[in-house]
Amino acid sequence: MSALLHVQSLGKRFGGFTALQDVELEVQPGERLGLIGPNGSGKSTLVNCICGTLRNEMGSVSFGGTAIDGLTAHQRTRLGLARSFQLPRPFGSLTLAENLRIPILFAVNARGERTVSGAAIEARCLELLGQVNLADKAHRLPRDLTQIEMRKLELARAMAADPKLLIADESMAGLSHAEVDEILALLIRLNGQGVTVIMIEHIMRAVMAFSQRLAVLVAGRKIADGDPKEVVRNAEVVRAYLGE
Amino acid sequence: MASSVAKAAERGTAPGLGNAAFFGVLVIAAAAIFGATRWFGNDYAFFAAYVVVQYIVLGTAWNILGGYTGYVNFGITAFFAIGAYSSVVLYKLTPWMPLPAMVAIGGVMAALVGLGTGYLTLRLRGVFFSIATLALAVVVQTLITNWDFVGGARGAYVLRPKLAPLIGGGYIEYLFLVMLGLCVVALATARAIERSALGFGFAAIRDDEAAAEASGVPTLKLKLVATALSGGFMGMAGAPLPYYVTYLDPASGFSLNYAVNAIAMPLIGGTSSWLGPVVGAVLVGGLQEYLRVTISSAINVLVAGVLMVVFVIVAPQGVVGLFQRKKR
Amino acid sequence: MDASADLLINAVISGLLLGGFYAAVSIGVAISFGMLDIVNIAHPAVILLGSYVAFIGNTVFGIDPILSTVILAPAFYLLGMAAYQIYYVAFERRDDQSLRGLSFFFGILFIAEVGLILGFGVDYRSVQAWYTQGNLDLGVVELPWRLLVPFLLGLAMVAGLQVFLSRTFVGRAVQAVAQDQGALRLMAANPVKIKRIAFGLSFATAAVAGAALIIIQPVEPSIGREYIGRIFAICVLGGLGSFPGMVIAAVALGVIESLTATFFGPSWAPAVSFGVLLVTLAVRPNGILGR
């Protein structure tokens, strides 16, 4: 089976600073991939290049077998590539249910495969909010949420786009032990429904529990990629994390 | 892809009247206002009411872009004057053309200019669009000042017919009726947007553009739709102006008063719904008319500017917002 | 030398001189917009206020227009600090700069214009000084003093501010605020205070630019609007926040406008800045020196 996502020799510069260099990454349909790396290693830049928020200068990104380099962010979302933001970016003037309505109206319905309308939209929003335990706040505004609830909303909004591939960018930072388990279970359940998931995370416990495969980014380069248990024993990875 | 926006489902949760029913209510209200003004009997009432209704249209037009998507258009006079001067051109070339057709053409011209300006600047941060629209007002004024066919700096005279077609009475009654009709269309459009997928897309853009893109919202396209609609309604509001003033020169057609009023009224009334510009236009327009009659016309133009500054500082949600907060 | 070459040379020279003055007019916005990210579209109104101060000082007290605005620059500085305080409390802190913050300045622009009309009427006002007439004769060309003095004044002000911003602690803090407010806190400097100082400075430059304006041409209250497009065209073209880029852009615009006025008529000059602005935004939004 061909890869769902294929990143080929991707490069990105900011002025004189090289944020990403020659990054290769393949993700198979249905896979659970963990992506780790120290702060500033280029993880978020990679996500931004994959999702079209930033344009990569070198290399290319293919999704479902076709190159998507020329596509805007919203076109990629419509193809089935959804992401959550590292710092939650809710729509502040809309209620939680309305926040989820945006991707349903503009990503799911725009695909033309099926149209969710009327009461079905509201039901779907509530269902998604229920999955992240926010159903009771469906008609509140994001400013009434805690930071943790914001992260859940962020994830629910990405899920609302009915993605083939979901990139969860540090969805667990700052969460308690129990809450990490909750999000973890949610992502694994989502994967069970056929959604491919890339998890970017610092919490190693969660990464190890989640990932079928683990890739490591250091200073804009991929230095390891493979079985999680072997990768974390890799000498180069240990050096990058613990220093020499 | 345009169809995806158009066919995208309605809000569904939005309470109250459907779009058609709301349009019906507006038509009845407009008919009642027209009847009342006619019963009042003198031309002054029509002249004064025309101004207020014109500002409802201008304020609503500004709010479709400014209030709904958060992009500030300062070039109101450019769009307004494009509408007015396209009527001057049509008056000279095809004097037989009925006014509503002129209004439609003026609207299309202004919408096209909005589309062009937007296409060049809407990819950038919102402030660049705002600055470009400020400059747009200056350049359109320069072009018209240098265009002899429409009178250049000297201005153009337009003969107002004595009698109104179809309805009888003075021509000002007809002008007022046309403006009322335009107002009904503008308000019905604004409210329909609020309740549609388009309105949700606009709100997402206003709140966070990157997150909107990530959620599938085609931000550039939606911003262009808003700019074209907004500019189009401004142009339509300006189209009957030559017949209203009978003498139009660049200095009066591009008067900063129009721009300030069109921005001040939604901000004072409230930018989050169609009702805000109506409340703002009636309050400010009424107050200005009162001050113009009682004190002086110099003071009355200051009112909108001062009220706007006070409201954006003290009551950013506007009059409508004040009442909504009490309701909660 | 044939007539059109002569016209061309004169147009280029007066354009160059105009450019120095445009730099003085734009530097306040280069600070407020370029460094503080505050889009003060009312800046031309503040400049015009400076012009009327120079006018009053000149006609009522017989003071030299430049001298009077240099004396009043500190008052403008305080006015600017007060304006920033209002802006900070009402918009920046509420994170509502784009819609209501912009509208606020637009309202101020309008109020200032109408206020000046109520106070001084719509007549053109001018000042008298030794440099408002006559030329500096350099043999080959004659340089009108009324253009030369604002040119020198503008360049001196830009150079002075450049030195201030790069050599003093406060100046470097102003430049830092444009980059990273967090880093500034680590330097034990309060970003709000630094921004207040910088915004005050931006107003103070408007006082001097106002004197330059009324030396170059007679002023009336609505003239400020013409400068909005010009100022922002220069700042965007120059790359926001870069003084050298701004000076180059100011001179370039001055020359283009002057050539346009000479060969197509002065009534077309206002359209130049808009054209430049639109082309810049469409093609090089980071300015001529930008990446």
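**Entry 1: terms and model**

I take helices (H or I, at least four residues) and strands (E, at least two) as DSSP runs, and I number them from the N terminus. The model in which I looked them up is a predicted one.

**Entry 2: chain A as a whole**

I began with the elements of chain A and found nine helices and 10 strands. I then asked what radius of gyration chain A has, and what a compact globule would have. For 244 residues a compact globule would come near 18 Å, and chain A, at 18 Å, agrees with that. Along the principal axes, I noted a box of roughly 55 × 40 × 40 Å, filled by the C-alpha atoms of chain A.

Next I looked up burial and contacts in chain A. Of its 244 residues, 47% count as buried. I also took the contacts in chain A between residues at least 6 apart in sequence; 64% of these join residues at least 24 apart.

**Entry 3: two residues of chain A with positive phi**

I recalled first that most residues other than glycine have a negative phi. I therefore recorded two residues of chain A, beginning with Asn133(A), whose phi is near 60 degrees, a positive value in a residue other than glycine. Where does Asn133(A) lie? I located Asn133(A) in the loop that runs between helix 4 (119–131) and helix 5 (147–160) of chain A. Asn133(A) counts as partly exposed, because I find 14 C-beta neighbours inside 10 Å.

The second residue is Asp162(A), which is not a glycine and has a positive phi of about 50 degrees. I found Asp162(A) in the loop between helix 5 and strand 7 (165–169) of chain A. Is Asp162(A) buried or exposed? Asp162(A) has 18 C-beta neighbours inside 10 Å, so I enter it as partly exposed. The cut-off matters here, because a residue is buried if 20 or more other C-beta atoms lie within 10 Å of its own.

**Entry 4: chain B as a whole**

In chain B I found 16 helices and two strands. A compact globule of 328 residues would have a radius of gyration near 20 Å, and I note 19 Å for chain B, which agrees. The box filled by the C-alpha atoms of chain B is roughly 55 × 45 × 40 Å along the principal axes. Of the 328 residues in chain B, 55% are buried. When I took the contacts in chain B between residues at least 6 apart in sequence, 76% joined residues at least 24 apart.

**Entry 5: where chain C touches chain B**

How many residues of chain C are in contact with chain B? I recorded 34 residues of chain C in contact with 36 residues of chain B. On the side of chain C that touches chain B, the elements giving two or more residues are helix 4 (97–120), helix 9 (224–237) and helix 11 (269–283) of chain C. Helix 4 of chain C gives the largest share of that side, 14 residues. Sorting this side of chain C by class, I entered 23 nonpolar, six polar and five charged residues.

**Entry 6: one helix pair between chains B and C**

I then followed helix 4 of chain C to a partner in chain B. Helix 13 (residues 256–269) of chain B packs with helix 4 of chain C at an angle of about 140 degrees, and their axes are 11 Å apart. This angle makes helix 13 of chain B oblique to helix 4 of chain C. The crossing of helix 13 of chain B and helix 4 of chain C is left-handed.

Which residues make the contact? From helix 13 of chain B I listed Leu256(B), Val260(B), Ile263(B) and Leu267(B). From helix 4 of chain C I listed Ser103(C), Phe106(C), Phe110(C) and Glu113(C). By class, the contact of helix 13 of chain B with helix 4 of chain C has six nonpolar, one polar and one charged residues.

**Entry 7: two glycines of chain C**

Gly34(C) has its place in helix 1 (residues 3–35) of chain C. Gly34(C) counts as buried because 24 C-beta neighbours lie inside 10 Å. Leaving out residues up to four places away in sequence, I found that Gly34(C) touches Cys235(C), Leu240(C) and Gly241(C). From Gly34(C) to Gly20(C), 14 residues apart in sequence, I noted 19 Å from C-alpha to C-alpha.

I looked up Gly245(C) last and found it in helix 10 (residues 243–264) of chain C. Gly245(C) has 22 C-beta neighbours inside 10 Å and so counts as buried. Between the C-alpha atoms of Gly245(C) and Phe169(C), which are 76 residues apart along the chain, I noted a separation of 23 Å.

Definitions and conventions:
Residues are numbered from 1 along each chain as its sequence is written. Chains are lettered from A and ligands numbered from 1 in the order in which they are written. This is a predicted model: local features need pLDDT of at least 70, side-chain atom pairs count only at pLDDT 80 or more; totals for chains, interfaces and linings use all residues. Two residues are in contact if their C-beta atoms, placed from the backbone, lie within 7 Å. Ala, Val, Leu, Ile, Met, Phe, Trp, Tyr, Cys and Pro count as nonpolar, Asp, Glu, Lys and Arg as charged, and the others, Gly among them, as polar. Axes are lines fitted to C-alpha atoms, for helices over the stretch in contact, and angles run from 0 to 180 degrees between N-to-C directions. Angles under 35 degrees count as roughly parallel, over 145 as roughly antiparallel, 65 to 115 as roughly perpendicular and the rest as oblique. A crossing is left-handed if the near helix is turned anticlockwise from the far one by less than a right angle, and right-handed if clockwise. The radius of gyration is taken over C-alpha atoms; the globule rule is 2.2 Å times the number of residues to the power 0.38. A residue is buried if 20 or more other C-beta atoms lie within 10 Å of its own, exposed if 12 or fewer, and partly exposed in between; C-beta atoms are placed from the backbone.
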